Amino acid sequence: MARKPVKARTKANTKPLSALTHIGASGEARMVDVSDKPATERLAVAEGRVLMTRATLDLIVSGNAKKGDVLATARIAGIMAAKRTSELIPLCHPLALSKVTVDIEPDATLPGCLVRASVKVNGPTGVEMEALTAVTVACLTIYDMIKAVERGVRIEGIHLVEKLGGKSGHYRA
């Protein structure tokens, strides 16, 4: 039995659910057709935090974690994840990314690490999911590298910071 299209609004100041691009007219999941969209330069920036005790952060900064260089490993994992986003998120398009950066800053005031990813492409669709995936996997990698020392580490605040390019224009959180 086919589902009826949803037309209700989810919250004030949001589009109707029927405006969701990955939902077809009868409610089925679908990949958006971007074949008629012009290729433009698009950029997305996302960030998140990995919170831990000061002692664990000191271990990361000193480079003495048992599994090796935590920040370098997480940075590489984030870059690899951005490139493989379409394999992880079912309705994402495979993209030829032109640039991926993952920056990880230890922050004693958290204490923890601030993870920020920037992804760029010249193409018909945006790279928000690639930036968010890069941050998420980098944060998970930090957790994996230090979980033997501290299991209470928290990953928080993963969100899109900025998006440039495309029909919807510039977005900044």
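1. Following the chain from its N terminus, you will meet the elements in the order β-α-α-α-β-β-α-β-β. That gives four helices and five strands in total. Please keep in mind as you read that this is a predicted model.

2. A few overall figures help to set the scene. The chain has 173 residues, and 33% of them count as buried. Its accessible surface comes to about 10,300 Å², with 56% of that belonging to carbon and sulfur atoms. Among contacts with a sequence separation of 6 or more, 68% are between residues 24 or more positions apart.

3. The pairing of β1 with β4 is a good example of such a link along the chain. Strand β1 covers residues 40–51 and strand β4 covers residues 154–164; the two are antiparallel and share eight bridges. If you would like one pair to look at on screen, try R49, whose bridge partner in β4 is E156.

4. Strand β4 also pairs with β5, a strand made of residues 171–172. Here the sense is again antiparallel, with two bridges joining the strands. K163 is the residue to find opposite Y171 of β5. Six residues lie between the two strands of this hairpin, and G165 has a positive phi near 95°.

5. Helix α4 deserves a look of its own. It runs over residues 128–146, 19 residues in all, and spans 28 Å from first C-alpha to last, close to the 27 Å expected at 1.5 Å a residue. Its buried residues include the run from E130 to V135, namely E130, A131, L132, T133, A134 and V135. Further along, A138, C139, T141, I142, M145 and I146 are buried too. When you judge that second group, recall that an α-helix has 3.6 residues a turn, so residues three or four places apart point the same way.

6. Which residues form a nonpolar patch on the surface? They are L140, I155 and I158, with about 220 Å² of accessible area together. I158 belongs to strand β4. Its relative accessible area is 33%, so I158 counts as partly exposed, a class that lies between the 20% and 50% cut-offs.

7. Finally, a word on the loop between α4 and β4, where R151 is found. Is R151 buried or exposed? R151 is exposed, because its relative accessible area of 59% is over the 50% cut-off. In space, the C-alpha atoms of R151 and M52 are 9.1 Å apart, although 99 residues separate the two in sequence.

Notes
Residues are numbered from 1 along each chain as its sequence is written. This is a predicted model: local features need pLDDT of at least 70, side-chain atom pairs count only at pLDDT 80 or more; totals for chains, interfaces and linings use all residues. Side-chain values use heavy atoms; hydrogens and water are left out. Two strands pair if DSSP finds at least two bridges between them. The expected span of a helix is 1.5 Å times one less than its number of residues. Buried means under 20% relative accessible area, exposed over 50%, partly exposed in between (1.4 Å probe, protein chains only). Patches are made of residues with over 30% relative accessible area and no salt bridge: like charges are joined within 9 Å, nonpolar side chains (Val, Leu, Ile, Met, Phe, Trp, Tyr) within 5 Å. Accessible areas come from the Shrake-Rupley method with a 1.4 Å probe; for residues, only the protein chains shown count as cover. A salt bridge is a side-chain nitrogen of Lys or Arg within 4 Å of a carboxyl oxygen of Asp or Glu. Contact means heavy atoms within 4.5 Å.
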